[in-house]
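Biologist: Before we discuss details, could you show me the model and take me through how its features should be read?

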Amino acid sequence: MNIAGDLLPYGLGTPRLVEYQQGYFVDSEIVESLNKLTKDAETHGFKLRLESAYRPFEKQLSIWNRKAAGELPLLDANGNPMERPQDEEELMYAILTWSALPGASRHHLGTDLDVVDAAACPVGYVVQLTPAECEGMFRRFHEYLSEHFSSNAAFGFNRVFVPGRGKIRPEGWHIAHLPTSRKRLESFSLETLRQIYEASDMACKKVVLARLPQLAEEFIYPYFI
Ligand SMILES: [Zn+2]
C-alpha cells in the first residue's frame with residue numbers, strides 16, 4: 001500500500017505496543033493507567049481480564065471479508081444467526097451490526113480494550129461479550145466500572161459504545177483510555193480511509209465507498225469522544 005501520512009489510526013503501520021496479558025497488546029502509553037485500574041479493581045474483588053485489545057487492519061479486514069463470504073456467522077440485531085443478504089448494501093449493514101469497518105475499528109488504536117472480571121468467570125466458560133453477560137455473571141463488575149467512570153475515578157478510562165451515541169450497538173465491556181485515543185485519532189481522515197479501501201480487497205467495497213460519508217457519520221465520528 002502506498003499511502004502517505006500517519007497510518008496508525010487505521011491499524012496500519014507499527015504502533016508502540018506492550019503485551020499486557022498473554023496474546024493481548026496495548027499502546028505502551030496506557031500501561032500505567034491500566035495498571036492503576038487493574039489494581040483498583042483488585043481492591044474491590046475483581047480480576048480485570050482482557051478479551052480483546054489491539055487489532056491490526058488485516059485482522060479486521062479478515063473478519064469483515066469472512067462475514068461477507070459466509071465463513072463466519074452473520075448475526076441479526078438480537079444476536080441470532082441470519083440469512084446472508086444477496087443485496088450488497090444490505091450485506092454491508094448486516095456486517096456492521098456487530099463488526100466495525102476495517103480501518104475504523106477503535107481496536108486499531110491500542111487504547112481500547114474489551115474487559116471482563118475473570119474472578120466471576122466460571123471455569124471453562126468461553127466469554128461471548130454479550131449484554132446478557134454484563135447483566136449476569138459480570139453485573140457487579142459493570143456496576144463497579146459505571147460508578148468509577150461517572151465519578152472520573154477510572155484513570156482516564158471510560159466506555160465508548162453507549163446508548164444514544166451513533167449506530168453501533170452498546171458494548172458495556174469495551175473501554176478506552178480516552179486521553180490517549182484522542183491523540184491517536186487526531187490525524188484520522190476519511191480521505192485516507194478511502195484510499196486504503198481503494199487499495200484493499202475488501203468485500204462490499206463498492207457500496208462502502210459510495211456510502212462512506214454517511215457511514216462515517218453513523219459508525220465512526222460519534223465515537224471520537
Ligand atoms: Zn471492543
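Modeller: What follows goes from the sheet to the helices, then to the core and to a few single residues. Please keep in mind throughout that this is a predicted model.

Biologist: Let me begin with the sheet: how many strands form it, and in which order do they lie?

Modeller: A sheet is read by following which strand pairs with which. Here 4 strands form an open sheet, the order being S3-S4-S6-S5, and the pairing is antiparallel. Strand S3 (48–52) and strand S5 (157–159) are the edge strands, each of them pairing on one side only, and from one strand to the next the twist averages 45 degrees.

Biologist: Which residues should I look at if I want to follow the pairing of S4 with S6?

Modeller: One looks for bridge partners. S4 and S6 are joined in the antiparallel sense over 3 bridges; Asp114 has His174 in S6 as its bridge partner, and Asp112 stands opposite Ala176, also in S6. Towards the edge strand, S3 and S4 pair over 4 bridges, again in the antiparallel sense, and there Leu48 has Asp117 in S4 as its bridge partner.

Biologist: Is S4 mostly covered or mostly open, and what is the general rule for side chains in a strand?

Modeller: In a regular strand the side chains alternate between the two faces of the sheet. As for S4, it is mostly covered, with 5 of its 6 residues buried.

Biologist: Which helix packs on the sheet, and what does it touch?

Modeller: Helix H6 (residues 178–185) packs there and touches S4, S5 and S6, while its direction makes about 75 degrees with that of S6.

Biologist: Turning to pairs of helices, how do the axes of H3 and H8 cross?

Modeller: For a helix pair one reads the approach of the axes, the angle and the handedness together. The axes of H3 and H8 come within 11 Å and cross at roughly 40 degrees, and H3 and H8 are therefore oblique to each other. The crossing in which H3 passes H8 is right-handed. On the side of H3 the contact is made by Glu88, Glu89, Met92 and Leu96, and on the side of H8 by Lys206, Val207, Val208 and Phe219.

Biologist: Which residues of H3 are buried, and what covers them?

Modeller: In helix H3 (residues 88–96) the buried residues include Met92, Ala94, Ile95 and Leu96. Their cover includes helix H2 (57–69) as well as helix H8 (205–220).

Biologist: And how are H7 and H8 set against each other?

Modeller: The axes of H7 and H8 come within 11 Å and cross at roughly 170 degrees, which makes H7 roughly antiparallel to H8, since angles over 145 degrees count as such. Leu190, Arg194 and Tyr197 in H7 meet Lys205, Val208, Leu209, Leu212, Pro213 and Ala216 in H8.

Biologist: Pro213 is in that list; is Pro213 buried or exposed?

Modeller: Burial is read from the number of neighbouring C-beta atoms. Pro213, which lies in helix H8, is exposed because 10 other C-beta atoms lie within 10 Å, and a count of 12 or fewer is read as exposed. The C-alpha atoms of Pro213 and Glu191, which are 22 residues apart along the chain, are separated by 9.8 Å.

Biologist: Where does Met82 lie, and what does Met82 touch?

Modeller: Met82 lies in the loop between H2 and H3. With 14 C-beta neighbours inside 10 Å, Met82 counts as partly exposed. Not counting residues up to four places away in sequence, Met82 touches Leu74, Leu75, Asp76 and Ala94. Between the C-alpha atoms of Met82 and Asn158, 76 residues apart along the chain, the separation is 32 Å.

Biologist: Finally, how many residues has the largest nonpolar core, and which have the most contacts inside it?

Modeller: That core has 46 residues, and those with the most contacts inside it are Val26 and Met202. Among the elements that each supply at least two residues of this core are helix H1 (31–43), strand S4 (112–117), strand S6 (174–177) and helix H7 (190–198). Leaving aside neighbours within four places in sequence, Val26 is in contact with residues including Leu17, Tyr20, Leu34, Ala53, Gly110 and Leu113.

Key:
Residues numbered from 1 in each chain as written. Predicted model: local features only at pLDDT ≥ 70, side-chain atom pairs only at ≥ 80, totals over all residues. Buried ≥ 20, exposed ≤ 12 C-beta atoms within 10 Å, placed from the backbone. Contact = placed C-beta atoms within 7 Å. Core = buried A, V, L, I, M, F, W, Y, C linked by C-beta atoms within 7 Å. Pairing = 2+ DSSP bridges. Axes fitted to C-alpha atoms, helices over the stretch in contact; angles between N-to-C directions. Parallel < 35°, antiparallel > 145°, perpendicular 65-115°, else oblique. Left-handed = near helix turned anticlockwise from the far one by under 90°.
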